[in-house]
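Trainee: I'm new to this one and would like to walk through it with you. Could you put it up so that we can talk about it?

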Amino acid sequence: MGYLQNFIDVSVMALGREASGINVATLVEYGTTDQRAIQLQEVGFGRAVATELLTDHAESLRFSDADELEELDHEAVLASTTLSDEARAEVENIMVKVQTERAAR
């Protein structure tokens with residue numbers, strides 16, 4: 001990914017963010033240019049689960065104006081009867097880690 005990111009960085013410096021096009025490095029790394037999906041993947045969700053959360057459980061997610069993940073109402077997500085088994089496992093796993101980290105502070 002280093003070469004792709006370097007290309008984007010040079011393009012942005014030379015042309016500006018708007019004229020440089022999509023960030024191909026991000027597209028290759030995350031399979032999307034949707035910053036909300038990228039945020040979910042960066043906290044540990046897989047691509048398919050991130051898409052499911054955004055599509056089917058958007059009301060349980062809160063993002064900043066800059067599309068940074070601010071809140072995930074995991075209890076509401078886990079209470080959903082339409083949540084896939086894969087998503088349920090990932091939400092439970094990630095939230096256990098988050099709660100463990102908070103308790104350690």
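Mentor: Before we look at any residue, one term is needed: a residue counts as buried under 20% relative accessible area, as exposed over 50%, and as partly exposed in between. Please also keep in mind that this is a predicted model.

Trainee: Okay, so where does Arg 62 fall, buried, exposed or partly exposed?

Mentor: Arg 62 has a relative accessible area of 42%, and because that value lies between the two cut-offs, Arg 62 is partly exposed.

Trainee: And which residue forms a salt bridge with Glu 70?

Mentor: Glu 70 pairs with Arg 62, and their closest N and O atoms are 3.2 Å apart. Glu 70 is itself partly exposed, at 46% relative accessibility.

Trainee: What about Glu 71, which side chain does that one meet in a salt bridge?

Mentor: The side chain of Glu 71 also meets that of Arg 62, with 2.4 Å from N to O, and Glu 71 is partly exposed with a relative accessible area of 37%. Through the shared partner, the salt bridges join Arg 62, Glu 70 and Glu 71 into one network.

Trainee: Why would side chains pair like that in the first place?

Mentor: As a general point, side chains of opposite charge can pair when their charged atoms come close.

Trainee: How many salt bridges does the structure hold?

Mentor: The structure holds three, and one of them lies between the side chains of Asp 34 and Arg 36, at 3.2 Å from N to O. Asp 34 counts as partly exposed at 25% relative accessibility, and Arg 36 counts as partly exposed at 30%.

Trainee: How many positive and negative side chains are there in the protein?

Mentor: There are 8 positive and 20 negative side chains, and the centres of these two sets lie 4 Å apart.

Trainee: Switching topic, what are the helices and strands, and how do they run?

Mentor: The protein has six helices and two strands, and from the N terminus on the order is α-α-α-α-β-β-α-α. The radius of gyration is 16 Å, well over the 13 Å that the globule rule gives for 105 residues, so the protein is more spread out than a compact globule.

Trainee: What does the C-alpha trace span, then?

Mentor: Along its principal axes the trace spans about 50 × 35 × 25 Å.

Trainee: Last one, what share of the residues is buried?

Mentor: Buried residues make up 31% of the 105 residues. As for the accessible surface, the total comes to about 6,900 Å², with 50% of that belonging to carbon and sulfur atoms.

Definitions and conventions: Residues numbered from 1 in each chain as written. Predicted model: local features only at pLDDT ≥ 70, side-chain atom pairs only at ≥ 80, totals over all residues. Heavy atoms only, no water. Helix = DSSP H or I, 4+ residues; strand = E, 2+ residues; numbered from the N terminus. Rg over C-alpha atoms; globule rule 2.2 N^0.38 Å. Buried < 20%, exposed > 50% of the residue type's maximum accessible area, 1.4 Å probe, protein only. Areas by Shrake-Rupley, 256 points an atom, 1.4 Å probe, with all protein chains shown as cover. Lys, Arg positive; Asp, Glu negative; His and termini not counted. Charge placed at Lys NZ, Arg CZ, Asp CG, Glu CD. Salt bridge = Lys/Arg side-chain N within 4 Å of Asp/Glu carboxyl O.
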